[in-house]
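Good morning, and thank you for coming. I should like to talk through helix packing and aromatic pairs in one structure, which I will now put on the screen.

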Amino acid sequence: MENMSSDQPISQRFNIALVLSMVCLTSSACADITPAVDTSQTNRAEDEATAKEVRKSAEEGDASAQYRLGLLYDGGVGVPQNYGQAKEWFEKAAKQGHVGAQADLGTLYLQGAGAPQSAQMALFWFSRAAEQGDVLSFAKLGWMYAEGLGVRQNFIQAHMWYNLSAAQGEQRAAEARDALAKQMTPAQIAEAQRLAREWKPKGK
């Protein structure tokens, strides 16, 4: 672990807040926080009909439908909430290259929801999504490198990923990058900025 600066308690408080915001970067990761407003029979029937329709396409191998079915299981919409089922459908779509599924699968592994908690697997799937230019996965990778989760702690890599996310307008990543920069040397920051400039998505 690299030494933290003398304002470690402030840094730690910031990191805790950042962890919560980073984990909630994807819409589905925080879907269960919002309670269902209308649980009327009509809405439930519509949700179940939608889920049935989506399942048909998902079972036929449609990656978008597989991802959508995963989201339905993740949020318990039209189907019973089941993170294990969400993971299975995200995984099917992710293996076909669906970027949203890759990012959300990473989030499930990070949280240990529907799968054993695994920072390495989260890192793997965030990396796959990032290769396709997924802005939120950039930020999550930045956080994982900054914290040394599933990978050796590396502030240069963390700064690079935060920078890529911030360049696409992700404000939380910009704040994280700026806080991290206070713990880095000018040479480290320059190297991170060079890496960010040279980075190219593989999936484009």
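At what angle, roughly, do the axes of helix 5 and helix 6 cross? Before I answer, please keep in mind that this is a predicted model. The axes of helix 5, residues 99–111, and helix 6, residues 119–131, cross at roughly 160 degrees and come within 8 Å. That angle makes helix 5 roughly antiparallel to helix 6, and the crossing is left-handed.

On the side of helix 5, the contact is made by Val99, Gln102, Ala103, Leu105, Gly106, Thr107, Tyr109 and Leu110. Helix 6 contributes Met121, Ala122, Trp125, Phe126, Arg128 and Ala129. Sorted by class, the contact of helix 5 with helix 6 has 10 nonpolar residues, three polar and one charged.

Let me turn to the second helix pair. Helix 8, residues 155–167, and helix 10, residues 186–198, have axes that come within 8 Å and cross at roughly 50 degrees. Helix 8 is therefore oblique to helix 10. Here the crossing is right-handed.

Which residues meet in this second contact? From helix 8 there are Ile156, Gln157, His159, Met160, Asn163 and Leu164. They meet Gln188, Ile189, Glu191, Ala192, Gln193, Leu195 and Ala196 in helix 10. The residues of this contact divide into seven nonpolar, five polar and one charged.

I come now to the aromatic side chains. How many aromatic pairs does the structure hold? There are five, and I shall describe two of them.

One is formed by Phe124 and Trp125, whose ring centres are 4.9 Å apart. Their planes stand at 85 degrees, so the pair is edge-to-face. As to burial, Phe124 is partly exposed, at 38% relative accessibility, whereas Trp125 is buried, with a relative accessible area of 3%. Trp125 is also one of the helix 6 residues in the contact with helix 5.

The other pair is Trp161 with Trp199. Their ring centres are 5.8 Å apart and their planes are at 70 degrees, so this pair is edge-to-face. Trp161 lies in helix 8 and Trp199 in the segment after helix 10, 38 residues apart, and the pair thus links distant parts of the chain. Trp161 is buried, because its relative accessible area of 10% is under 20%. Finally, Trp161 and Trp199 form one aromatic cluster together with Phe138.

Methods: Residues numbered from 1 in each chain as written. Predicted model: local features only at pLDDT ≥ 70, side-chain atom pairs only at ≥ 80, totals over all residues. Heavy atoms only, no water. Axes fitted to C-alpha atoms, helices over the stretch in contact; angles between N-to-C directions. Helix = DSSP H or I, 4+ residues; strand = E, 2+ residues; numbered from the N terminus. Parallel < 35°, antiparallel > 145°, perpendicular 65-115°, else oblique. Left-handed = near helix turned anticlockwise from the far one by under 90°. Contact = heavy atoms within 4.5 Å. Nonpolar A, V, L, I, M, F, W, Y, C, P; charged D, E, K, R; others polar. Phe/Tyr/Trp six-rings, centres within 6.5 Å; stacked < 30°, edge-to-face > 60°. Buried < 20%, exposed > 50% of the residue type's maximum accessible area, 1.4 Å probe, protein only.
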